[in-house]
Amino acid sequence: MRILNLVGSVVFVVYGSILPAISTAVLNGVLIIVKLYYVIKMVIDHKKQKQTQVENNKVNETEFIKDEK
């Protein structure tokens, strides 16, 4: 959803640049920066969460192997 919003802002920046609607272009330009920040943050958090899950699985496997012995 955030990416779709980002695309909409890009379209409005182009629209505002073609027409003499500078305020529309500037506002949506700022929104692009904000939306990019949150998309990048979301991707980084997702990667960290995946890494944590992998590490937890390794710990659980090690404990399972120790319990079998």
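**View 1. V10 is a partly exposed residue of a predicted model.** V10 has a relative accessible area of 41%, which makes V10 partly exposed, because the partly exposed class runs between 20% and 50%. This close-up, like the others here, comes from a predicted model. If you want to find V10 along the chain, look in helix 1, which covers residues 2-18.

**View 2. Six residues make a nonpolar patch on the surface.** V10 has company here: together with F12, V14, Y15, I18 and L19, V10 makes a nonpolar surface patch. The area of this patch is about 570 Å². Two of its members are aromatic partners, F12 and Y15, and they get a view of their own next.

**View 3. F12 and Y15 form an aromatic pair in helix 1.** How many aromatic pairs does the structure hold? There are 2 of them. In the pair shown here, the rings of F12 and Y15 sit 6.1 Å apart, centre to centre, with 85 degrees between their planes. That arrangement is edge-to-face, because planes over 60 degrees apart count that way. What separates the two residues along helix 1? They are 3 residues apart, so about one helical turn lies between F12 and Y15. F12 is partly exposed, at 43% relative accessible area. Y15 is partly exposed too, with a value of 44%.

**View 4. Y37 and Y38 form an edge-to-face pair.** A pair of aromatic rings is described by the distance of the centres and the angle of the planes. For Y37 and Y38, the ring centres are 5.1 Å apart and the planes meet at 75 degrees, so this pair is edge-to-face. Y38 is partly exposed, and its relative accessible area is 38%.

**View 5. N28 is a buried residue of helix 2.** Helix 2 takes in residues 22-68, and N28 lies within that helix. Is N28 buried or exposed? With a relative accessibility of 11%, N28 counts as buried, because buried means under 20%. Which residues does N28 touch, once neighbours within four places in sequence are left aside? Its contacts are S9, F12 and V13. You have already met F12 as the ring partner of Y15.

**View 6. V13 of helix 1 meets N28 of helix 2.** V13 belongs to helix 1, while N28 belongs to helix 2. In sequence, V13 and N28 are 15 residues apart, yet their C-alpha atoms are 5.8 Å apart in space. Leaving aside neighbours within four places in sequence, V13 is in contact with N28 and also with A25, G29 and I32.

Methods:
Residues numbered from 1 in each chain as written. Predicted model: local features only at pLDDT ≥ 70, side-chain atom pairs only at ≥ 80, totals over all residues. Heavy atoms only, no water. Patch = residues over 30% accessible without salt bridge, like charges linked within 9 Å, V, L, I, M, F, W, Y side chains within 5 Å. Areas by Shrake-Rupley, 256 points an atom, 1.4 Å probe, with all protein chains shown as cover. Salt bridge = Lys/Arg side-chain N within 4 Å of Asp/Glu carboxyl O. Helix = DSSP H or I, 4+ residues; strand = E, 2+ residues; numbered from the N terminus. Buried < 20%, exposed > 50% of the residue type's maximum accessible area, 1.4 Å probe, protein only. Phe/Tyr/Trp six-rings, centres within 6.5 Å; stacked < 30°, edge-to-face > 60°. Contact = heavy atoms within 4.5 Å.
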